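Biologist: Please take a close look at one part of this model, beginning with a single pair of residues, and then show how that part sits within the rest of the chain.

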Amino acid sequence: MICPSTPRLSTGKKTKMIRIEKPILRIGFVPLTDCAPLVVAQEMGFFTEEGLTVDLVREGSWAGIRDKVAYGVFDAAQMLAPMPIATTLGIAGVRKPTITALSLDLNGNAITVSNTLFEQMSEALPQMVEDRKLSAKALKNVIDDRKAKGKDKLTFGIVFPTSMHNYELRYWMASAGIDPDQDVNLIVVPPPQMVSFLKDKQLDGYCVGEPWNTVATLSKVGRTVITGYEIWNNSPEKVLGVNSDWADRHPNTHFALIRAVLKACDWIEQQEDCQPVVEMLASEKYVGALPEIIGLTMCGKYQFELGKHPELMPDFNVFGRFAATFPWRSHAIWFVTQMKRWGQVPEDWDERMIAEATYRPEIYRAAASELGINFPTQDYKAEGKHDQPWTLYSDDRDALTMGSDVWMDGQVFDPAKPAEYLARLRQGRGGVTSGKL
Amino acid sequence: MVVDEDAARGRALANVLNDSGYKVVGLVLTGEYLPSVMADAKPDVVLIDISSPSRDTLEMVSSIHRDHKRPVVMFASDDDEQTVQAAVEAGVSAYVADGLSLAKFKPIFQVAIAHFQKHQSLERELSTAKSSLDERKFIDRAKGLLMEKRKCSESEAFSLLRKMAMDRKQRIGQVAQELVELLQIVN
């Protein structure tokens, strides 16, 4: 046993005999550090404890994850948080009702640019090295200069069209008045290829999850200009997705699966030493990267510059705290606003209906209630109002500590008024530091 | 165009397609920069390993923006669920240029599915063969060790192994492997 501490969560002695409809499951994951909850559930026996035998299958592409869940090759999979929405709506490719009742983590991405672009940006706006929120403005200056000199557009990589990475990168750019559809080229690049494309100058920058930012820094190929956390504190990132039919046919299996992963997230949270999780992830079976590299961000440290001490970023990955596992319908509404903002879905589609169909907190609660843990009783929350941890009270339960939720440009999101929010974003292009610079 | 990180499978599919009267304009075997390859080759159909990381790139070159008409993933244009299911299970997917009719695309896709299925069953046979070979070796080792420790005959050693397997509801090969590993640790 690696873990000396007593797990906080347990099904207790009152375990009821429930029939698991499908005890043997195939679950897909992509080799990124935030597959940790699934890996821990497997390695620490939480799946077994819930009566499940799980085959964790490494998948190379997000499209592969989507299709294999849609067509039943996988029972469930680690998905990009907007993916259940995109698949349900059939934005690209398959149209299959897909749901999530469990978030796997918050944060975890960063924007990295080539050394050349980093130099140009820090020349254009030297303060951006200290105040990373100014990096978008620095990029805007570089782009304006390139336009004036008739140079080619810069090219940035994202991991998937309907991903937090895409919306994050676009948000960051637009905050400084850069039009991501006009002023730069955006292309999709598989995460493991990002670093080599950056090195070969096919990319000038990218937004990706770990370990691919740290790898660029440590191999002197690029520099991180801002993390996803700094763009939006505690933003949604990956979820456990299943197709809607599957969930209807296997309710108990779904509950058991959610409980196993909840226990894993809680276990990660309880560890004082992050090394055991790092070692598990580093294995060839899972992420297949050096523990020294994975160990930085997984242990709350970020290497912004080679040769310097890593900066403390305790919330770079959030798995268990801040109600990180809860599938907030307000997050789903936010994703639909971004899909509208960037022309992926028609303007008149109803955010709330989409959120209710795809994000399923009632399933989460039904599964989690047997663990005796504290969870939100509301489905929606506003974003952008807290720059410090805050407390969410739920009925008859203890207070829940929530993370800060501000955006780099100080916007506020009210899930009840998505259209107004979207209108503000569209007006506000160029808002970050206008006047000051 | 064929994109497959499994070089042998990709080459073989390209040959089959060429022999069937289609023209393979590009064969991409490793993580090349797909947007440029696509721009040069201008394929009507891209056949690609379903798990290939390059698929995500194709997704974007495809139909993400509602205002742009571009190649679409097979699922969007194909209402034949069975074909799609077979493709996903075989591990192949396709992207079709806007305007190419289903009638023209379908036969190409069927060839690819059949090819991937064949490859898959070959691999399965190989891995079964390999694991039974491995198990064979462990059973022989375990028998030898038992004969030495218990001073018994070969057939007695084998009956002992079989009894252990039945008691534990495991395959005999598995029991043998565990026994060999255990004895290595103990000694």
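Modeller: A110(A) stands opposite V208(A) in strand 8 of chain A, where strands (E, at least two residues) and helices (H or I, at least four residues) are DSSP runs numbered from the N terminus. This is a predicted model, in which local features need pLDDT of at least 70 and side-chain atom pairs count only at pLDDT 80 or more, while totals for chains, interfaces and linings use all residues. Residues are numbered from 1 along each chain as its sequence is written, and chains are lettered from A and ligands numbered from 1 in the order in which they are written.

The residue pair belongs to an antiparallel pairing of strand 5 of chain A with strand 8 (residues 205–209) of chain A, made over five bridges; two strands count as paired if DSSP finds at least two bridges between them. Strand 5 (residues 109–114) of chain A is also joined by five bridges to strand 9 of chain A, again running antiparallel, and here S114(A) has G222(A) as its bridge partner in strand 9 of chain A. Strand 9 (residues 222–227) of chain A is mostly covered, with six of its six residues buried, that is, with 20 or more other C-beta atoms within 10 Å of their own, whereas 12 or fewer would make a residue exposed and a count in between partly exposed, the C-beta atoms being placed from the backbone.

These strands lie in an open sheet of five strands with mixed pairing and the order 7-6-8-5-9 in chain A. Strand 7 (184–188) and strand 9 of chain A form its edges, each pairing on one side only, and the twist from one strand to the next averages 25°. Helix 7 (residues 164–175) of chain A packs on the sheet, touching strand 5, strand 6 (154–158), strand 8 and strand 9 of chain A, and its direction makes about 60° with that of strand 5 of chain A. Contact here asks that two C-beta atoms, placed from the backbone, lie within 7 Å, and such angles run from 0 to 180 degrees between the N-to-C directions of axes, which are lines fitted to C-alpha atoms, for helices over the stretch in contact.

For the wider setting, the domain assignment of chain A gives domain 1 (24–106 + 235–304 + 312–371), domain 2 (109–231) and domain 3 (390–426), with bounds that come from an automatic or database assignment.

Another open sheet of five strands, also with mixed pairing, has the order 2-1-3-10-4 in chain A. Strand 2 (53–58) and strand 4 (98–106) of chain A stand at its edges with a single partner strand each, so one side of each has no neighbour in the sheet; the twist averages 30° from one strand to the next. Within it, strand 3 (residues 76–80) and strand 10 (residues 236–243) of chain A pair in the antiparallel sense over four bridges, and the bridge partner of Q78(A) in strand 10 of chain A is L240(A). Helix 12 (residues 251–270) of chain A lies across strand 3, strand 4 and strand 10 of chain A, running at about 5° to strand 4 of chain A.
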